[in-house]
Amino acid sequence: PASKRPFPYRIVRFGDKVPLCSRHISLIMAWQVFFLYFVAASAHLEPEQIHLAFAGQDASGYPSGMTVSWFTRDEPKDSTVQYGLSASQLDQSATGHVKHYMSNAGFHSHVEILNLKPSTTYFYRVGSSKDSKWSEVWSFVSASQSSDASFSMAVFGDMGWESSVERPMIITAHGLEKKWSAKESRATLEKWKDEKSIDFIWHVGDIG
């Protein structure tokens, strides 16, 4: 307030030609850095790697719900699943917990949805209500409660990643093949999924 120096900035209208000095450029660059940092930081809460598993048990021993799990690079303020019978009306929600299994390896959210109607299509999205970060809307079919219901499933384990070209094996002892690929298995599963020829999968281990 005691300074008699004129304020170095002035209000301009859109389209005005304003000469830029180094002070203006520094200010613009500072805002660009802040904007890029904000976008990068917020993107770390985007849900990834969404998994489903049957959960719960009714009086007859059939699954009555679904466990939904997903990954985020940073820790969310809450873990929430919004779901409903219409993709445009997710009018129910459930909250769960977050696990941090290894340092510098992200966070895993787990939410259990119980008391679902049997053999019913539910739409859902996962994320954080407090962070306002959500996945796109997906769907699943709840388990049947009939002992006569037919189903088709795929059974596999250790899905693998890429191939020996991208990830050459160093240890080849005990009959391990040096030439291998996980791409054929992934393509087959994607094909079955797109054709809707399987109802669910039974993953026997090493899902990472």
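What share of the contacts in the chain with a separation of 6 or more is accounted for by residues 24 or more positions apart? The share is 56%, a figure worth keeping in mind while moving through this predicted model.

**The whole chain**

Begin with the full chain in a cartoon view, where two helices and eleven strands can be picked out. Followed along the sequence, these elements come in the order α-β-β-β-β-β-β-β-β-β-β-α-β. If you then colour the 208 residues by accessibility, 23% of them fall into the buried class. The surface that the chain exposes comes to about 15,600 Å², and carbon and sulfur atoms supply 57% of that area.

**The nonpolar core**

Next, select Val 68, Val 81, Tyr 83, Ile 113, Leu 116 and Tyr 124, which are the residues with the most contacts inside the largest nonpolar core, a set of 13 residues. Two or more residues of this core come from each of the elements β2 (65-72), β3 (80-84), β6 (107-113) and β7. As general background, nonpolar side chains in soluble globular proteins tend to be buried together.

Keep Tyr 83 selected and display its surroundings: leaving aside residues up to four places away in sequence, Tyr 83 touches, among others, Leu 90, Asp 91, Ile 113, Leu 116, Tyr 122 and Tyr 124.

**The aromatic cluster**

From Tyr 83, extend the selection to Tyr 122, Tyr 124 and Phe 140, since these four residues form one aromatic cluster. The count of aromatic pairs comes to five. For a closer look at one of them, take Tyr 124 and Phe 140, whose ring centres are 5.4 Å apart and whose planes stand at 50°, so the pair is classed as tilted. Tyr 124 sits in strand β7 (residues 121-128) and Phe 140 in strand β9 (residues 138-141), and the pair thus links distant parts of the chain, 16 residues apart. Are these two rings buried or exposed? Tyr 124 is buried, with a relative accessible area of 4%, and Phe 140 is buried as well, with a value of 6%.

**A nonpolar patch on the surface**

Now switch to a surface view and select Phe 151, Met 153, Val 155, Trp 202 and Val 204, which form a nonpolar patch with about 540 Å² of accessible area together. Within this patch, Met 153 belongs to strand β10 (residues 153-156) and is partly exposed, at a relative accessible area of 34%.

**Salt bridges**

Returning to side chains, the chain holds seven salt bridges. Select Arg 73 and Glu 48, whose side chains meet in one of them at 3.2 Å, N to O. Arg 73 lies in the loop between β2 and β3 while Glu 48 lies in strand β1 (residues 48-55), so the bridge ties together parts that are 25 residues apart in sequence. Both ends can be reached from outside to some degree: Arg 73 is partly exposed with a relative accessible area of 47%, and Glu 48 is partly exposed with 24%.

Then move to helix α2 (residues 183-195), where Arg 186 and Glu 190 are four residues apart and separated by about one helical turn. Their side chains meet in a salt bridge at 3.1 Å, N to O, with Arg 186 partly exposed at 45% relative accessibility and Glu 190 partly exposed at 30%. Adding Lys 193 and Asp 194 to the selection completes a network of salt bridges that links these four residues. Between Asp 194 and Lys 193 the bridge spans 2.9 Å, N to O. Why does Asp 194 count as exposed? Its relative accessibility is 53%, and exposed means over 50%, whereas Lys 193, at 47%, is partly exposed.

**Two loop residues with positive phi**

The last stop concerns the backbone. Most residues other than glycine have a negative phi. Select Asn 104, in the loop between β5 (97-99) and β6, and check its phi, which is positive and near 60° although the residue is other than glycine. Asn 104 is exposed, with a relative accessible area of 82%. Finally, go to Ser 132 in the loop between β7 and β8 (133-134), which has a positive phi of about 55° without being a glycine. Ser 132 is likewise exposed, with a relative accessible area of 57%.

Notes: Residues are numbered from 1 along each chain as its sequence is written. This is a predicted model: local features need pLDDT of at least 70, side-chain atom pairs count only at pLDDT 80 or more; totals for chains, interfaces and linings use all residues. Side-chain values use heavy atoms; hydrogens and water are left out. Rings of Phe, Tyr and Trp (its six-membered ring) pair if their centres lie within 6.5 Å; planes under 30 degrees apart count as stacked, over 60 as edge-to-face and the rest as tilted. Buried means under 20% relative accessible area, exposed over 50%, partly exposed in between (1.4 Å probe, protein chains only). Patches are made of residues with over 30% relative accessible area and no salt bridge: like charges are joined within 9 Å, nonpolar side chains (Val, Leu, Ile, Met, Phe, Trp, Tyr) within 5 Å. Accessible areas come from the Shrake-Rupley method with a 1.4 Å probe; for residues, only the protein chains shown count as cover. A nonpolar core is a set of buried Ala, Val, Leu, Ile, Met, Phe, Trp, Tyr and Cys residues joined through side-chain atoms within 4.5 Å. Contact means heavy atoms within 4.5 Å.
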